[in-house]
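Here's a walk through one chain, written for someone who likes to know the cut-offs behind each claim. Load the model below and keep it open while you read.

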Amino acid sequence: MESKTLSVNAKVQLLVDRLDGDKAKNDALSSCKDGEDMLNLLIETSTQMNLDLTRDDFLKTPPIRDWIWWKNKDAPLTLGDGVLRYQQDKNSKNRRFIGMGALIILLFIVGMVAGF
């Protein structure tokens with residue numbers, strides 16, 4: 001099928017399908033330091049697939065738009081045993097982890113204060 005006749009959403013879906021299961025590309029995307037690096041990699045992949053998607057297409061079309069947004073954000077806290085939820089959080093300067101024991105105690109205290 002000729003990619004020029006496809007809508008932007010269809011092109012993005014083709015790209016997402018291609019990335020699904022591609023360990024090398026997914027590792028490269030997760031190791032990007034920010035959304036700009038991620039965009040550059042996605043544009044390169046789009047060009048290799050002859051999809052001709054632009055930076056603007058990626059910034060306006062889900063799910064890529066959401067991936068880029070999340071890549072530029074820093075999770076305010078991570079629940080659990082200190083395992084990072086997302087790769088981009090490893091460079092965070094303000095990571096806060098709440099272990100499950102601490103979370104239970106915190107919820108207990110909140111419950112006591114609230115009168116539950």
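**Charged pairs, helices and a few odd backbone angles**

Let's start with the charges: searching the whole structure turns up four salt bridges, where a salt bridge is a side-chain nitrogen of Lys or Arg within 4 Å of a carboxyl oxygen of Asp or Glu. Before going further, note that this is a predicted model, in which local features need pLDDT of at least 70, side-chain atom pairs count only at pLDDT 80 or more, and totals for chains, interfaces and linings use all residues. Residues are numbered from 1 along each chain as its sequence is written, and side-chain values use heavy atoms, with hydrogens and water left out.

One of the salt bridges joins Glu36 and Arg55, whose closest N and O atoms are 2.9 Å apart. That pair ties together distant parts of the chain, since Glu36 sits in helix 3 and Arg55 in helix 4, 19 residues apart. (Helices here are DSSP runs of H or I with at least four residues, strands are runs of E with at least two, and both are numbered from the N terminus.) How buried or exposed is Glu36? Glu36 is partly exposed, with a relative accessible area of 43%, and Arg55 is partly exposed too, at 31%. For these labels, buried means under 20% relative accessible area, exposed means over 50%, and partly exposed is in between, using a 1.4 Å probe and protein chains only.

Another salt bridge runs from Lys60 to Asp56, with 3.2 Å between the closest N and O atoms. Both of these residues belong to helix 4 and are four residues apart, about one turn of the helix. Lys60 counts as exposed, with 58% relative accessibility, whereas Asp56 is partly exposed at 41%. Then there's Arg65 with Asp66, where the closest N and O atoms are 3.0 Å apart. Arg65 has a relative accessible area of 35%, making it partly exposed, and Asp66 is also partly exposed, at 35%. As background, side chains of opposite charge can pair when their charged atoms come close.

Now zoom out to the fold. The chain has six helices and two strands, and reading along the sequence gives the pattern α-α-α-α-α-β-β-α. Of the 116 residues in the chain, 29% are buried. The chain exposes about 7,900 Å², with carbon and sulfur atoms supplying 58% of that; the areas come from the Shrake-Rupley method with a 1.4 Å probe, and for residues only the protein chains shown count as cover. As for contacts (heavy atoms within 4.5 Å), take those between residues at least 6 apart in sequence: 43% of them join residues at least 24 apart.

Helix 1 is a good place to check the geometry. What span should the twelve residues of helix 1 have at 1.5 Å a residue? The expected value for residues 8–19 is 16 Å, and the end C-alpha atoms are 16 Å apart, which agrees. (The expected span is 1.5 Å times one less than the number of residues.) In this helix, Lys11, Val12, Leu15, Val16 and Leu19 are buried. They cover an arc of only 140° around the axis, so they lie on the same side of helix 1; the arc is that of the directions from the helix axis to the C-beta atoms. What do they pack against? The buried residues of helix 1 pack against helix 2 (23–30), helix 3 (35–48), helix 4 (55–60) and helix 5 (64–71).

Over in helix 2 you'll find Ala28, which is partly exposed at 28% relative accessibility. The C-alpha atoms of Ala28 and Met38 are separated by 8.5 Å, and the two residues are ten apart along the chain.

Last, the backbone. Most residues other than glycine have a negative phi, and most peptide bonds are trans. Just after helix 1, Gly21 takes a positive phi of about 90°. The loop between helix 3 and helix 4 holds Asn50, a residue other than glycine with a positive phi near 60°. Asn50 counts as exposed, at 52% relative accessibility. Asp52 is found in the loop between helix 3 and helix 4, and has a positive phi of about 55° although it is not a glycine. Asp52 counts as partly exposed, at 46%. Finally, the peptide bond from Pro62 to Pro63 is cis, with omega near 5°, and Pro63 is in the loop between helix 4 and helix 5.
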